[in-house]
There are 2 protein chains.
Amino acid sequence: MPKINDVAENAGVSITTVSRVLNNRGYISESTRNKVFLAMKELNYQPNEMARSLYRKKSNMIGLIIPTVTNPFFSELTYHLEYFANLKGYKLVLCNSMKNIQKEHDYIDMLKKNQVDGILVGSSVLDVEHYLNLNLPIVSFERTLANIPTVTSDYITGGKLAAQLLLDKGCLKPALIFQAGGGPHHQSLLTAGIGQGFEDVLKGTAIRPVYMELDPDININQCHGNELLRIFNEHPEIDGVLTEDLLAAEIIRICNRLDKKIPEDIKLIGYDDVMIPSLLSPRLSSVRQPIKEMSEYIIESIIKQIKGEVVPMLHTIPVTLIERETT
Amino acid sequence: MPKINDVAENAGVSITTVSRVLNNRGYISESTRNKVFLAMKELNYQPNEMARSLYRKKSNMIGLIIPTVTNPFFSELTYHLEYFANLKGYKLVLCNSMKNIQKEHDYIDMLKKNQVDGILVGSSVLDVEHYLNLNLPIVSFERTLANIPTVTSDYITGGKLAAQLLLDKGCLKPALIFQAGGGPHHQSLLTAGIGQGFEDVLKGTAIRPVYMELDPDININQCHGNELLRIFNEHPEIDGVLTEDLLAAEIIRICNRLDKKIPEDIKLIGYDDVMIPSLLSPRLSSVRQPIKEMSEYIIESIIKQIKGEVVPMLHTIPVTLIERETT
DNA sequence: TTGAAAGCGCTAACAA
DNA sequence: TTGTTAGCGCTTTCAA
């Protein structure tokens, strides 16, 4: 790999001059500029970003910590985050924490040592203090961290929309089935607001929903078949469900097995609206989190912080309910 | 952020000494070592990996270029690659190329400038020369690149296993439906060997399969409904299908719509065995690529190359056929 | 308009 | 056993 010095020699100028044309700073005569460009081309020179970063104290790297990129919600989010980061000249270092405290901790350490300019963290399981002590730009999502800029979708409205639709379709015994939060500090989506929105709508009625939290264990090929089967056996009166997209897929299978027709016997609504819903049969109605817009906002927020700007502590992104064939 | 100099002053030694205990090199008295450790703890010192990398000319970063992490196959692969990379002390920089030549090119540039120690590239669309000229450790997967270490699953055997099962189940008109390769240099899975394996098994019989290549366009929420519908309308005699998992999901929906029963009227086999198959209803039979083992091998291979060792140009990973409810 | 020299935070000869 | 010093490849002040 040629270095700035090689270019300087080849062009017959000092390295300062090369640096100047590289950064387009200061006065340079056209002829020198051309000489330098020629030399760069001839040597196929590429500046060493590591050295530049060291001097500038800015790496243009952002750490992304999520439970696992195998979860479709996070994989879509990761895609868009990387897209927008790249657009702004940032690289993304991927970290799969599996909601494991130790792993999350180690990743943060690693990212800090590697001089990332900021950290994006989803479904964090660590104490807020860990992040506050970092003294580094942070954006949290899928979990509200006090005093750390957070972006989430509008869970409450999501819950309301789903409840209303289920009501409209005549459900008398709706169920909310979500994974419990992993780790001591993790709120489940349910407690995070979806449940509250759901409750808000039902308040005026005689309808009491069934709340269910599933084992929070994460696994690459997670399967909740048995747990779900138990729930439907214990509560045969359930005639509507709001749950995460991934779980909705399993529920469709369980209902097939139990000879419950969707949507006739049970209306089903997912939360997330990732790729899954349109893959399923019947196609899943789902509360859509606008992942792309969320990602764009998250990247904007971290970059603003990196630039030293102040950003709001909480940003809520609106959701919509996409009705398909399960309601 | 405290620097090595701060630690040195605090401990009353030279920075060389601090560096020595940091790297555990050379002779150091226990007492000095302890003094230094204490100072590091007191200042909460973390060595600047960027500076170390600059000196060592080794960043411990690996670039990962894939079409899109939203594809379940690549998201699972990415998860495991990151896992094993992390285990060996490497970070992964994620790049979603969308099989776009320009993007892939720019990402390579970026990675090179950022001094990654190696590049992992899946479904590359660039000329081999681009990679050979890089003069950097590379591992390719999901596409065979001449003179570049490549790892793929055993497509031929995969095709054979599927063909045999379809035969055994009495199919007379099996179809192979895959996405065409994107970009000028991209082989589709079909031409890559699956088709050949399939053909091998059918050779002795009177059975002629239907080959179908779908529009290679990638989209986050890709949907091939209309194309698939057309295929089944034009070929109502199809009674068995081998396809990618993701497409299999769509085919199940189409069959529902067309009132074709699975597996009675049509036997369906996926390729990949990612998370999707067990989500579907009926659960999808699928040729399993051992993604975890592939990932482990890929990381091993790139690290060996980084260390200057020679690795085989082609490594084929065995596949198995997981029979579930669609055959 | 250009260049010499110091320094970003670290490692490693070499000397003491 | 420890310290001095010269770099890693780059940017930038300061002087010419």
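**Exercise 1.** Determine which residue forms a salt bridge with A:Asp273, and how far apart the closest N and O atoms are.

*Solution.* In this predicted model, A:Asp273 pairs with A:Arg288, and their closest N and O atoms are 3.6 Å apart; a salt bridge here is a side-chain nitrogen of Lys or Arg within 4 Å of a carboxyl oxygen of Asp or Glu. Next, place the two partners: A:Asp273 sits in the loop between strand E9 (267-272) and helix H12 (276-279) of chain A, whereas A:Arg288 belongs to strand E10 (residues 285-288) of chain A, so the bridge ties together parts that are 15 residues apart in sequence. Helices (H or I, at least four residues) and strands (E, at least two) are DSSP runs, numbered from the N terminus. Then consider accessibility: A:Asp273 is buried, with a relative accessible area of 10%, while A:Arg288 is partly exposed, at 32%. Buried means under 20% relative accessible area, exposed over 50%, and partly exposed in between, computed with a 1.4 Å probe on protein chains only.

Before going on, note the conventions: residues are numbered from 1 along each chain as its sequence is written, and chains are lettered from A and ligands numbered from 1 in the order in which they are written. Because the model is predicted, local features need pLDDT of at least 70 and side-chain atom pairs count only at pLDDT 80 or more, while totals for chains, interfaces and linings use all residues, and side-chain values use heavy atoms, with hydrogens and water left out.

**Exercise 2.** For the salt bridges A:Arg33 with A:Glu30 and B:Arg230 with B:Glu234, find which helix holds each pair.

*Solution.* Side chains of opposite charge can pair when their charged atoms come close. For A:Arg33 and A:Glu30, the closest N and O atoms are 3.3 Å apart, and both residues lie in helix H3 (residues 30-43) of chain A, three residues apart, about one turn of the helix. A:Arg33 counts as buried at 17% relative accessibility. For B:Arg230 and B:Glu234, the N to O distance is 3.6 Å, and both residues lie in helix H10 (residues 225-234) of chain B, four residues apart, again about one turn of the helix. B:Arg230 is partly exposed at 38%, and B:Glu234 is partly exposed at 49%. Elsewhere, salt bridges that share partners join A:Asp273, A:Arg288 and A:Arg324 into one network, and the whole structure has 20 salt bridges over all chains.

**Exercise 3.** Describe the protein surface around DNA strand C, stating which residues come nearest and which helix gives the largest share.

*Solution.* Begin with the neighbours: 28 residues surround DNA strand C, and A:Thr17, A:Arg20, A:Thr32, A:Lys57 and B:Ile4 come nearest, where a residue is near a strand if one of its heavy atoms lies within 4 Å of it. Sugar and phosphate make up 62% of the strand C atoms that come within 4 Å of the protein. Next, take the polar contacts, meaning pairs of N or O atoms within 3.5 Å; within protein, one must be able to donate a hydrogen and the other to accept it, and residues adjacent in sequence count only if both atoms are side-chain atoms. Phosphate oxygens of DNA strand C lie 2.5 Å from a polar side-chain atom of A:Thr32, 2.9 Å from a polar backbone atom of B:Asn48, and 2.7 Å from a side-chain N or O atom of B:Arg52. Finally, helices H2 (15-23) and H4 (49-56) of chain A and of chain B each supply at least two residues, and H2(B) gives the largest share, six residues.

**Exercise 4.** Carry out the corresponding description for DNA strand D, stating which residues are closest and which helix gives the most residues.

*Solution.* The closest of the 28 residues around DNA strand D are A:Ile4, B:Thr16, B:Arg20, B:Thr32 and B:Lys57, and sugar and phosphate account for 60% of the strand D atoms within 4 Å of the protein. Phosphate oxygens of DNA strand D lie 2.4 Å from a backbone N or O atom of A:Ile4, 2.9 Å from a side-chain N or O atom of A:Ser19, and 3.0 Å from a polar side-chain atom of A:Asn23. H2(A) gives the most to this surface, with six residues.
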